[in-house]
Amino acid sequence: MKGTGMKFCMKCNLPIHGENITYRNQVVHPHHFNCRKCGKQMTHKCRERDGDLYCLRCFDNLESAICGACRRPIEGRIIHALGKMWHPEHFVCAQCEKIFDGRRHFERKGLAYCETDYSE
């Protein structure tokens with residue numbers, strides 16, 4: 001019934017009466033907007049990975065890199081140092097807290113230091 005203004009769910013192809021969710025130009029019944037992993041109905045607070053949608057809890061538990069400082073998933077560039085993974089902005093000198101930003105770091109007792117603070 002195209003042209004009637006009625007919306008149809010992209011998951012079940014049935015007409016939508018009342019509330020709906022639009023994601024990437026696809027309209028679905030709210031009960032069809034589910035987490036790929038746990039199946040829980042989601043809100044707008046969800047995350048996408050490789051085309052699949054996840055609730056925040058499941059997304060955080062995916063086999064993703066977890067930052068050694070903030071304990072949150074790392075979605076972009078990853079710094080590998082001190083046996084951990086870091087958001088670039090969280091890999092900082094243990095003394096002055098300046099971001100290394102590609103500069104060399106020095107390790108002492110499991111902590112990273114810039115050259116100035118390591119020498120002191």
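Which residues form one aromatic cluster? They are Trp86, Phe91 and Phe100. Before we look around this cluster, keep in mind that you are viewing a predicted model.

Let us take the aromatic rings first. A pair of aromatic rings is described by the distance of the centres and the angle of the planes. With ring centres required to lie within 6.5 Å, the count comes to four aromatic pairs. One of them joins Tyr23 and Phe33, with 6.1 Å from centre to centre and 55 degrees between the planes, and this pair is tilted. Tyr23 belongs to strand β3 (residues 21-23), while Phe33 sits in the loop between β4 (26-28) and β5 (46-49), so the pair ties together parts that are 10 residues apart in sequence. What about solvent? Tyr23 is partly exposed, at a relative accessible area of 27%, whereas Phe33 is buried, at 7%.

Back in the cluster, Trp86 and Phe91 have ring centres 5.4 Å apart and planes at 45 degrees, so this pair is tilted. The cut-off for buried is under 20% relative accessible area; Trp86 counts as buried at 10%, and Phe91 counts as buried at 5%.

Right after Trp86 in the numbering comes His87, which lies in the loop between β8 (84-86) and β9 (106-108). Is His87 buried or exposed? His87 is buried, with a relative accessible area of 13%. Its side chain reaches the backbone oxygen of Pro73 at 3.2 Å. Leaving aside residues up to four places away in sequence, His87 touches Cys67, Cys70, Arg72, Pro73 and Ile74. Pro73 therefore appears twice here, as a residue that His87 touches and as the owner of the backbone oxygen that the His87 side chain reaches. 

Another ring has a charged neighbour: the charged end of Arg108 sits over the ring of Tyr113, 5.3 Å from the ring centre.

Finally, turn to the strands. How many bridges link β5 and strand β6 (residues 52-55)? The two pair over four bridges, in the antiparallel sense. Within this pairing, Cys46 stands opposite Cys55 in β6. The hairpin of β5 and β6 has two residues between the strands, and Asp50 takes a positive phi near 50 degrees there.

Terms used. Residues are numbered from 1 along each chain as its sequence is written. This is a predicted model: local features need pLDDT of at least 70, side-chain atom pairs count only at pLDDT 80 or more; totals for chains, interfaces and linings use all residues. Side-chain values use heavy atoms; hydrogens and water are left out. Rings of Phe, Tyr and Trp (its six-membered ring) pair if their centres lie within 6.5 Å; planes under 30 degrees apart count as stacked, over 60 as edge-to-face and the rest as tilted. Buried means under 20% relative accessible area, exposed over 50%, partly exposed in between (1.4 Å probe, protein chains only). A charge sits over a ring if NZ of Lys or CZ of Arg is within 6 Å of the ring centre and within 35 degrees of the ring normal. A polar contact is a pair of N or O atoms within 3.5 Å; within protein, one must be able to donate a hydrogen and the other to accept it, and residues adjacent in sequence count only if both atoms are side-chain atoms. Contact means heavy atoms within 4.5 Å. Two strands pair if DSSP finds at least two bridges between them.
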